[in-house]
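Reader: I'd like a close look at how rings and charged groups sit against each other in this model, and then at what surrounds them. Could you walk me through it in one go?

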Amino acid sequence: MNSRKRSLSATGGRARLSGDPALAATLARCLAVDPDAKLPFTHGFHAYPARMHPETARRVIEAFPGGLIVDPFVGSGTTAVEAVRAGRRFIGCDISKVPLEIAWTRTRIGLPEESRRVEAAAHRLVGRAFQDVQEDFSMPPWVREEQEWYDAHTLREIVVLKYLIDGEEPVLRRMLTVVLSSVLVKLSRQISDSDVKQDLHHRPRPRGAAFRWFGDKSSELTKGLLLLSSDLYKRKVAFREPELRRQDARDTRLPTGGVDLIVTSPPYAGVYDYSRHQSRRYPIFDEDPKFAESRELGSRRDASRYKEDMEAVLKNLVGSLSPSGRIVMMIGDGQQVKADQFLTDLAPKLGAKVLAIASQSRKDWSGGPPKQEHLVLIGRGAGAISPSPAP
């Protein structure tokens with residue numbers, strides 16, 4: 001299985017530092033996380049490829065206090081959760097409805113009885129699903145395209161759950177759809193969330209597995225939300241509703257001069273076909289994937305415009321920064337792109353400056369030499385640093 005991995009998102013290792021020594025040391029501390037530590041709150045609820053480690057996001061937010069935080073590649077909402085925990089205003093953008101709904105669900109703060117509603121509703125639906133799966137019903141059109149990815153009885157169970165979820169009131173419908181999303185890849189023949197190929201060693205799932213796993217994941221989500229709500233309550237942090245937008249980072253409109261901190265991990269050049277990771281999920285979210293596929297940046301199948309696209313992204317982000325605003329970007333080397341050098345060369349052209357970099361070595365799971373993953377700090381101003389040579 002490991003030979004198929006494409007991600008550079010493993011954590012740990014000695015950091016190589018460049019730029020301002022104090023700032024670089026701060027970045028190194030943000031990277032010095034335990035890869036085996038249990039993910040707290042709702043961070044471990046929904047698998048998502050190549051996400052930033054939540055402890056890194058938390059430490060970055062603590063290191064750079066202020067007001068508005070932005071993540072233009074919000075993904076499943078790691079930064080969103082940590083911004084909520086910090087009580088700071090947050091804007092997150094992504095090109096697909098799928099990650100935005102995951103991020104929204106993972107940041108639902110409420111009274112304990114509100115958090116428990118999703119678990120109670122899920123288990124109520126599971127009871128009905130075991131009965132309804134025996135009934136005759138028409139399959140939705142999307143089943144035709146998805147049937148090669150599931151055992152027939154499993155796909156039927158998924159359809160029953162979606163029918164029942166769609167009958168719930170709007171808030172529960174959104175949250176329960178994300179719960180169903182969290183088990184789809186495990187139920188399917190797909191190798192993993194990051195490897196969208198059929199597993200030749202797939203073992204059929206037991207009958208009723210979709211129902212049981214759906215119920216279990218609803219309990220996991222409820223537990224995470226209760227812990228998150230309790231955390232804010234104990235620390236007397238007021239909940240601020242995150243603003244989540246289905247927009248492209250290249251042209252999303254942000255408050256000019258109003259962003260204090262941007263914490264993000266953009267696509268790495270040619271590492272993944274990012275939009276295809278959600279192929280199993282698009283149908284249950286009723287999403288046409290064409291927008292996400294057409295706006296994808298740095299995909300493995302076509303990374304030819306990566307540098308142009310990232311220049312447009314960075315130009316947009318720099319223009320939104322407050323005078324003391326900072327960009328902290330987790331980015332890895334990719335197809336013919338040494339990410340730290342690329343950003344160091346690019347920033348001065350856009351009226352910005354790379355202030356510090358902390359880099360760690362990552363195994364290339366395709367069999368090539370080790371690559372580097374970088375935590376890069378960018379601020380306003382001219383000039384640039386010279387990244388130190390790789391060891």
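Author: Start with Arg280: its charged end sits over the ring of Trp149, 4.0 Å from the ring's centre. Bear in mind that this is a predicted model. Arg174 does something similar with Trp104, lying over the face of the ring at 3.7 Å from the centre.

Now for rings against rings. A pair of aromatic rings is described by the distance of the centres and the angle of the planes. Searching the whole structure turns up four aromatic pairs. In one of them, Phe130 and Phe211 meet edge-to-face, with 4.9 Å from centre to centre and 75 degrees between the planes. Phe130 belongs to helix α5 (residues 112-132) and Phe211 to helix α9 (residues 209-234), so this pair ties together parts that are 81 residues apart in sequence. As for solvent, Phe211 is buried at 1% relative accessible area, whereas Phe130 is partly exposed at 38%.

Phe137 and Tyr163 make another pair: their ring centres are 5.9 Å apart and the planes stand at 90 degrees, so this one is edge-to-face too. Phe137 is in the loop between α5 and α6 (143-146), while Tyr163 is in helix α7 (residues 152-166), and 26 residues separate the two. Phe137 is partly exposed at 25% relative accessible area, and Tyr163 is partly exposed at 39%.

Tyr163 brings us to α7, which packs with helix α8 (residues 170-187) at an angle of about 170 degrees, the axes being 10 Å apart. Anything over 145 degrees counts as roughly antiparallel, and therefore that is the label for α7 and α8. On the α7 side the contact is made by Thr154, Ile158, Leu161, Lys162, Ile165 and Asp166, and on the α8 side by Arg173, Leu176, Thr177, Leu180, Leu184 and Leu187.

Next, the interior. In soluble globular proteins, nonpolar side chains tend to be buried together. Here the largest nonpolar core has 61 residues, and those with the most contacts inside it are Val60, Leu261, Leu314, Ile327, Val328, Ile331 and Leu375. Take Leu261: leaving out residues up to four places away in sequence, it touches Val60, Ile61, Phe64, Leu68, Ile69, Val70, Arg88, Arg326 and Val328. Apart from that core lies another, of 43 residues, with Ala121, Phe214, Leu221 and Ile284 among them.

Helix α3 (residues 78-86) is worth a look as well. Eight of its nine residues are buried, so the helix is largely enclosed by the rest of the structure. The buried ones are Thr78, Thr79, Ala80, Val81, Glu82, Ala83, Val84 and Arg85. Their cover includes α2 (54-63), β2 (69-71), β3 (90-94), α4 (97-106), α9 and β7 (259-264). After α3 comes Gly87, with a positive phi near 70 degrees.

One residue of strand β2 to finish on is Asp71. Asp71 is buried, at 3% relative accessible area. Its C-alpha atom is separated by 4.8 Å from that of Gly92, 21 residues apart along the chain. Not counting residues up to four places away in sequence, Asp71 touches Thr79, Phe90, Ile91, Gly92, Cys93, Val263, Thr264 and Ser265. Thr79 in that list is one of the buried residues of α3.

Terms used: Residues are numbered from 1 along each chain as its sequence is written. This is a predicted model: local features need pLDDT of at least 70, side-chain atom pairs count only at pLDDT 80 or more; totals for chains, interfaces and linings use all residues. Side-chain values use heavy atoms; hydrogens and water are left out. A nonpolar core is a set of buried Ala, Val, Leu, Ile, Met, Phe, Trp, Tyr and Cys residues joined through side-chain atoms within 4.5 Å. Buried means under 20% relative accessible area, exposed over 50%, partly exposed in between (1.4 Å probe, protein chains only). Contact means heavy atoms within 4.5 Å. Rings of Phe, Tyr and Trp (its six-membered ring) pair if their centres lie within 6.5 Å; planes under 30 degrees apart count as stacked, over 60 as edge-to-face and the rest as tilted. Helices (H or I, at least four residues) and strands (E, at least two) are DSSP runs, numbered from the N terminus. A charge sits over a ring if NZ of Lys or CZ of Arg is within 6 Å of the ring centre and within 35 degrees of the ring normal. Axes are lines fitted to C-alpha atoms, for helices over the stretch in contact, and angles run from 0 to 180 degrees between N-to-C directions. Angles under 35 degrees count as roughly parallel, over 145 as roughly antiparallel, 65 to 115 as roughly perpendicular and the rest as oblique.
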